[in-house]
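Visitor: I should be grateful for a close look at a single part of this model, followed by an account of how that part compares with others elsewhere in the chain.

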Amino acid sequence: MMQENTIKNAFIAAAMTAVIITPVFGLQLVRQGAQTHLEPQWGLVALGCAIVFVLQLIKPFLAKAFSGVKLPSAPSVSSSKQKIFGWLLIAMAIFWPFLGQIFPGLGIGNRSQVDIATLVLIYIMLGLGLNIVVGFAGLLDLGFVGFYAVGAYTYALLYHWADWSFWMALPLSGAMAALFGYLLGFPVLRLRGDYLAIVTLGFGEIIRLLLINLTEYTGGPDGISGIPKPTVLGYEMARRASEEGAQTFHQMMGWKFSNLHMPIYLYLMALALALVTLYISNRLLRMPIGRAWEALREDEIACRSLGLNPTNIKLSAFTLGAMCAGFGGAFFAARQGLVNPESFTFIESALILAVVVLGGMGSQIGVILAAIVLTVLPELARQFAEYRMLLFGLVMVLMMMWRPQGLLPTKRPHVEIPQ
């Protein structure tokens, strides 16, 4: 009977595999000249089904063979060691882009590496913002990329229609994203768990579709281009000033122009914004509002019984988390010089949420470490670009099996009663 069930489960798994992989791998569009036709790859589908079928058949034997094997447990890191590790990361981040200038033979600090590091810092900002909502307050948000888009388009629209500079638009970008976070909080006040996730997912898609359809204002699918880079005290960091007779930053300082000036400047600016975000979230966690977030996360009914207002707590979490995403979005628009709706898809929300989960819910150092891992590793494995998401999913599954609490889980204060 058990063998029959195993064979039946293997057939069902193979059939489900065929349904899933046929649209992705089995049917491929091939372009020949001006014509495009569909070319089936049934051999690839059959191979995938066969692999799943065989694995399902031998699964009981593998379970018996490896029943005594345990994955190595990762050592726990105390709060003091996490703080030391955090300070070391900050010191390394400050000096890292200049190491290539000081030690040319090391081969680090080139333009591509600085650009990747800047992208890491953007995801750190977004991860710290989502950590307020998910990690501290325990509210599952799958539409966080919507606030990211609001911040980016606020700066882009203010420049396009009112000719605002980056520094003028940055506070308003954070404020506008915070306003959207506050407005989103009202419909979800009575929702929890999966229902909350579905509503926030819909919010993120609504923002993206609005950006596509409001063509007259947002440029539609093409987006807004020509967004200027941030200036330094009003001086442009370019080879030549855009206005005749104006000085650039390197001319004012008497330096020789280098193509690395702007990437390093953007990197340092992203680092400053990330440190400000880290400091604010760290301070909020130690304030009464931070304790209220933790109480809401642990038990909403007990939180209400203590005289706390869950409505205000949820609204504050959504508002402050969205504000961090708005700042990150404005910087993203300035760095790219172009924004379009395709930069703010659900995949971005999933990646930011993965940063929070992989790092450890509520752990700020863990979020920083996870952002580095999830951003740098795909860049190092560019030869497997076609299978990037497959590898990403595999890593997440293994991580949840090995250390479900995250890379560096937060240490919460607790009291043990002696036996």
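What is the relative accessible area of Leu62, and into which class does that value place the residue?

Guide: The model is a predicted one. In it, Leu62 has a relative accessible area of 39% and is therefore partly exposed, because that class lies between the limits of 20% and 50%. The residue belongs to helix α2, which comprises residues 42-65. Leu62 also takes part in a nonpolar surface patch with Leu44, Leu47, Ile51, Val54, Leu55, Ile58 and Phe61. Together these side chains present about 730 Å² of accessible area.

Helix α7 offers a second view of how residues are distributed between interior and surface. This helix has 21 residues, 193-213, and at 1.5 Å a residue it should span 30 Å; the C-alpha atoms at its ends are 31 Å apart, in agreement with that expectation. Its buried residues are Leu196, Ala197, Thr200, Phe203, Gly204, Ile207, Arg208 and Leu211. They occupy an arc of only 125 degrees around the axis, and so they lie on the same side of α7. The other side of α7 carries the exposed residues Asp194, Tyr195, Ile198, Ile206 and Asn213.

One buried member of α7 is charged: Arg208, with a relative accessible area of 16%. Arg208 forms a salt bridge with Glu205, and the closest N and O atoms are 2.8 Å apart. Both partners lie in α7, three residues apart, or about one turn of the helix. Glu205, at 24% relative accessibility, counts as partly exposed.

The salt bridges in the structure number three. Another joins Arg291 and Glu294, with an N to O distance of 3.8 Å. These two residues likewise lie three residues apart, about one turn, in helix α11 (residues 288-298). Arg291 is partly exposed at 46%, and Glu294 is partly exposed at 22%. The side chains of Arg297 and Glu298 also meet in a salt bridge, at 3.1 Å from N to O; Glu298 is exposed, with 55% relative accessibility.

Further along, Glu300 is found in helix α12 (residues 300-305) and is buried, with a relative accessible area of 12%. Its C-alpha atom is separated by 10.0 Å from that of Gly138, although the two are 162 residues apart along the chain.

Two cysteines complete this account. Cys49 is buried at 14%, and Cys303 is buried at 1%. The structure holds zero disulfides.

How values were computed
Residues numbered from 1 in each chain as written. Predicted model: local features only at pLDDT ≥ 70, side-chain atom pairs only at ≥ 80, totals over all residues. Heavy atoms only, no water. Disulfide = S-S within 2.5 Å. Buried < 20%, exposed > 50% of the residue type's maximum accessible area, 1.4 Å probe, protein only. Patch = residues over 30% accessible without salt bridge, like charges linked within 9 Å, V, L, I, M, F, W, Y side chains within 5 Å. Areas by Shrake-Rupley, 256 points an atom, 1.4 Å probe, with all protein chains shown as cover. Salt bridge = Lys/Arg side-chain N within 4 Å of Asp/Glu carboxyl O. Helix = DSSP H or I, 4+ residues; strand = E, 2+ residues; numbered from the N terminus. Expected span 1.5 Å × (residues − 1). Arc of directions from axis to C-beta.
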